[in-house]
Amino acid sequence: MALESLRYRRGSLEVLNQRLLPGQLRYERVGGVERAWGAIRDMEVRGAPAIALLGCLSLAVELAGGAGPQEDLGALEEFVGQRLGVLLSARPTAANLGREAERLRAWLRRKVRETPGVTPQELRESIIEYIEGLLAKDRRDNRSIGAHGAQHILAGVPGGGPVTLLTHCNTGTLATAGYGTALGVVRALHERGSLSRVFCTETRPFHQGSRLSALELRHDGIPVTLIADSAAAAAMREHGVHAVVVGADRVAANGDVANKIGTFQLALAARHLRVPFYVAAPSSSCDPALASGSLIPIEERPGTELTQLGGVLLAEPEVDVWNPAFDVTPHELITGGIITEWGVFPPSQLSRELAERGER
């Protein structure tokens, strides 16, 4: 069985409850926006691309089921904007849902303006088709990211590989519509016969690396070694890691990157050991409206995620806890480049590339 973060057909949406992995593989029905909001907030689904897809597809399910105004174009447009607003309140750091909501609103305004005589039902159908197109686009973009990243990494290795990589959190099939971003690079190298091994951090406190990345890499027959978060620097030094490749939840205009907590310290270790550090992110993760990473809102999670595990107490229950879900890696530490669906760019050039392609 293929691992998928989401299962969708017109009017029907299911999400893989990732909190139950690896012990249980269970898909749960998402009947609308409120259920999607809960799945995002409670981290049943995670990964910036998958969050955006779940949110938008939950709106498509509502529209296919007849939710919202039936007779008034303006009221339907307002309904779509309101439902997107609900979704955006679930988790603040990841950029993709906000970017896709912004694009959908802009497309909807343009559609109404440029299509005189369009009926509310025709507009509803067009919105659903637009959202459904995001699934195929994400898969295409991820394969492009994988190909660009693999080529760039191999070009920097004497003899052209095979290479050993290190990655963090989960950035694969379970975080996207399929294939993955940073794990898309891993997959592309494996498909070329150019991957020796990938080291995967456990990624405390939610263990997305051990529960999710190790699961899907083993599922696909890709050689993976799980390590403790605190073993990452030693693994780079002792096991000849050629590159570190991570994902991104938001990329600021100057190339600073917010990603899963622990990414910053990986970048510091990689810089010290002269290991190229790459960020794999689709353009939808880029937020050129934010000048730097200091402006990215960082979600803080409940302290119980650190003090408890599966109901077992791991720490004194009243201890003070600081549990940010993300940290910001300064652009100067991204020494390999930012891998997008368009190619690999130094952080300093990404904002210009976005502007040239109309991604403002």
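The legends below accompany an overall view and several close-up views of a predicted model.

**Figure 1. Overall view of the predicted protein model.**
The fold comprises 11 helices and 16 strands. The radius of gyration is 20 Å, close to the 21 Å that the globule rule gives for 360 residues, so the protein is as compact as a globular protein of that length. The C-alpha trace spans about 65 × 50 × 40 Å along the principal axes.

**Figure 2. The open sheet of 3 strands, E1-E2-E3.**
Pairing within this sheet is antiparallel. Strand E1 and strand E3 (27–29) occupy the edges with a single partner strand each, so one side of each is left without a neighbour in the sheet. From one strand to the next, the twist averages 20°. Strand E1 covers residues 6–9 and strand E2 residues 12–16, and the two are joined in the antiparallel sense over 4 bridges. Within this pair, arginine 9 is placed opposite serine 12 of E2.

**Figure 3. The hairpin of E1 and E2, and the loop between E2 and E3.**
The hairpin has 2 residues between its strands, and glycine 11 adopts a positive phi near 85° there. Proline 22 is located in the loop that runs between E2 and E3. The peptide bond leading from leucine 21 into proline 22 is cis, with omega near 5°.

**Figure 4. Packing of helix H1 against helix H2.**
Helix H1 (residues 33–41) and helix H2 (residues 48–64) have axes 8 Å apart and pack at an angle of about 165°. The two helices are therefore roughly antiparallel to each other, and their crossing is right-handed. On the H1 side the contact is formed by Val33, Glu34, Ala36, Ala39 and Ile40, which meet Ile51, Leu54, Ser58, Leu59 and Glu62 of H2. By class, the contact of H1 with H2 contains 7 nonpolar, 1 polar and 2 charged residues.

**Figure 5. Packing of helix H2 against helix H4.**
The axes of H2 and helix H4 (residues 96–114) come within 8 Å and cross at roughly 40°. This pair is therefore oblique. From H2, the residues in contact are Ala48, Pro49, Ile51, Ala52, Gly55, Cys56 and Leu59, while H4 contributes Asn96, Leu97, Glu100 and Leu104. The contact of H2 with H4 is made up of 8 nonpolar residues, 2 polar residues and 1 charged residue. Ile51 and Leu59 of H2 take part in this contact and also in the contact with H1.

**Figure 6. The open sheet of 7 strands with mixed pairing.**
The strand order is E6-E5-E4-E7-E10-E15-E16. Strand E6 (224–227) and strand E16 (343–345) are the edge strands, each pairing on one side only. The average twist from one strand to the next is 25°. Strand E10 (residues 277–280) pairs with strand E15 (residues 337–340) in the parallel sense, over 3 bridges. In this pairing, tyrosine 278 stands opposite glycine 337 of E15.

**Figure 7. Helices H5 and H7 packed on the sheet of 7 strands.**
Helix H5 (residues 120–155) packs on the sheet and touches strand E4 (163–167), strand E7 (243–246), E10, E15 and E16. The direction of H5 makes about 145° with that of E15. Helix H7 (residues 208–219) also packs on the sheet, where it touches strand E5 (195–201) and E6. The direction of H7 makes about 160° with that of E5.

**Figure 8. Backbone details in the loops that follow E4 and E5.**
Cysteine 169 lies in the loop between E4 and helix H6 (182–191). This residue has a positive phi of about 60° although it is not a glycine. In the loop between E5 and H7 lies proline 205. Arginine 204 and proline 205 are joined by a cis peptide bond, with omega about 0°.

Technical notes
Residues numbered from 1 in each chain as written. Predicted model: local features only at pLDDT ≥ 70, side-chain atom pairs only at ≥ 80, totals over all residues. Heavy atoms only, no water. Axes fitted to C-alpha atoms, helices over the stretch in contact; angles between N-to-C directions. Parallel < 35°, antiparallel > 145°, perpendicular 65-115°, else oblique. Left-handed = near helix turned anticlockwise from the far one by under 90°. Contact = heavy atoms within 4.5 Å. Nonpolar A, V, L, I, M, F, W, Y, C, P; charged D, E, K, R; others polar. Pairing = 2+ DSSP bridges. Rg over C-alpha atoms; globule rule 2.2 N^0.38 Å.
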